[in-house]
Amino acid sequence: QVQLVESGGGPVQPGGSLRLSCAASGSIFNINAMTWYRQAPGKQRELVATITTGDSTAYADSVKGRFTISRDNAKNTMYLQMNDLKPEDTAVYYCNAFIAVTSRRWDSYWGQGTQVTVSS
């Protein structure tokens, strides 16, 4: 059984910062790419940032220069440092990871989401 648990969301004023965490636990053999998504009310889920096992990263244009994704492989944890937050960043943030429970079985897992609300 594999679980992804996000934390670190909450209310913040425009221009503020938050750091999200996503911790993977359970019978984990290996973890490949890890990704943050978000979904605002009435909108489709969108990719925010992704990071590979080799620490290569990619970002949505809307967050480049403001958000930083990172991971700690020893802790099976991914982070999203969000700076200069804007009201349009308000959304539920989800983490996703490709996780192997054996050397041959890889699956995509999702966390339950954490709410980020940017408002004055």
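# Reading the labels in a predicted model

Guide: Isoleucine 69 is found in strand 7. The model is a predicted one.

Visitor: Why is isoleucine 69 called buried?

Guide: The relative accessible area of isoleucine 69 is 4%. Buried means under 20%, so isoleucine 69 counts as buried.

Visitor: What does isoleucine 69 touch, leaving out residues up to four places away in sequence?

Guide: The contacts of isoleucine 69 include Met34, Trp36, Ala49, Ile51, Tyr59 and Leu80. Glutamate 88, 19 residues from isoleucine 69 in sequence, is 19 Å away in space, C-alpha to C-alpha.

Visitor: What makes strand 7 an edge strand?

Guide: Strand 7 (67-72) pairs on one side only, and strand 1 (2-7) does likewise. They belong to an open sheet of 4 strands with the order 1-3-8-7 and antiparallel pairing. On average, neighbouring strands of this sheet are turned by 15 degrees against each other, direction ignored.

Visitor: How do you know that strand 1 and strand 3 pair?

Guide: Pairing requires at least two bridges. Strand 1 and strand 3 are joined by 6 bridges and run antiparallel, so they count as paired by that cut-off. Glutamine 3 stands opposite serine 25 in strand 3.

Visitor: Serine 21 also lies in strand 3; is serine 21 buried or exposed?

Guide: Serine 21 has a relative accessible area of 18%. The limit for buried is under 20%, so serine 21 is buried. Leaving aside neighbours within four places in sequence, serine 21 is in contact with Val5, Glu6, Ser7, Trp36, Met78 and Tyr79.

Visitor: How do you know that cysteine 22 and cysteine 95 form a disulfide?

Guide: Their sulfur atoms are 2.1 Å apart. The cut-off is within 2.5 Å, so the pair qualifies as a disulfide. The structure holds 1 disulfide. With 60 degrees about the S-S bond, the link of cysteine 22 and cysteine 95 is right-handed.

Visitor: What does this pair tie together?

Guide: Cysteine 22 lies in strand 3 (residues 18-26) and cysteine 95 in strand 9, so the link ties together parts that are 73 residues apart in sequence. Cysteine 22 is buried at a relative accessible area of 0%, and cysteine 95 is buried at 0% as well.

Visitor: Which strand gives the most to the largest nonpolar core?

Guide: Strand 9 gives the most, with 5 residues. The core has 30 residues, and those with the most contacts inside it are Trp36, Leu80, Met82 and Tyr93. Among the strands that each supply at least two residues are strand 4 (30-39), strand 5 (46-51) and strand 8 (77-82). Methionine 82 touches, among others, Leu18, Leu20, Phe67, Tyr93 and Val116, not counting residues up to four places away in sequence.

Visitor: Which way do the side chains of strand 11 point?

Guide: Along strand 11 (residues 114-118), Thr114, Val116 and Val118 point to one face and are buried. Gln115 and Thr117 point to the other face and are not buried. In a regular strand the side chains alternate between the two faces of the sheet.

Visitor: In which sense does strand 2 pair with strand 11, and in which sense does strand 9?

Guide: Strand 2 (residues 10-12) pairs with strand 11 in the parallel sense over 3 bridges, and proline 11 has threonine 117 as its bridge partner. Strand 9 (residues 91-100) pairs with strand 11 in the antiparallel sense, over 3 bridges. There the bridge partner of valine 92 is glutamine 115.

Visitor: Why is the pair of tyrosine 37 and tryptophan 110 called tilted?

Guide: The ring centres are 5.0 Å apart and the planes stand at 50 degrees. Under 30 degrees would be stacked and over 60 edge-to-face, so the pair is tilted. A search of the whole structure finds 1 aromatic pair. Tyrosine 37 is in strand 4 and tryptophan 110 in strand 10 (residues 106-110), 73 residues apart.

Visitor: What makes the phi of aspartate 55 worth a remark?

Guide: Phi of aspartate 55 is near 70 degrees, a positive value in a residue other than glycine. Most residues other than glycine have a negative phi. Aspartate 55 is found in the loop between strand 5 and strand 6 (57-59). At 47% relative accessibility, aspartate 55 falls between the limits of 20% and 50%, so it counts as partly exposed.

Methods
Residues are numbered from 1 along each chain as its sequence is written. This is a predicted model: local features need pLDDT of at least 70, side-chain atom pairs count only at pLDDT 80 or more; totals for chains, interfaces and linings use all residues. Side-chain values use heavy atoms; hydrogens and water are left out. Buried means under 20% relative accessible area, exposed over 50%, partly exposed in between (1.4 Å probe, protein chains only). Axes are lines fitted to C-alpha atoms, for helices over the stretch in contact, and angles run from 0 to 180 degrees between N-to-C directions. A nonpolar core is a set of buried Ala, Val, Leu, Ile, Met, Phe, Trp, Tyr and Cys residues joined through side-chain atoms within 4.5 Å. Contact means heavy atoms within 4.5 Å. Rings of Phe, Tyr and Trp (its six-membered ring) pair if their centres lie within 6.5 Å; planes under 30 degrees apart count as stacked, over 60 as edge-to-face and the rest as tilted.
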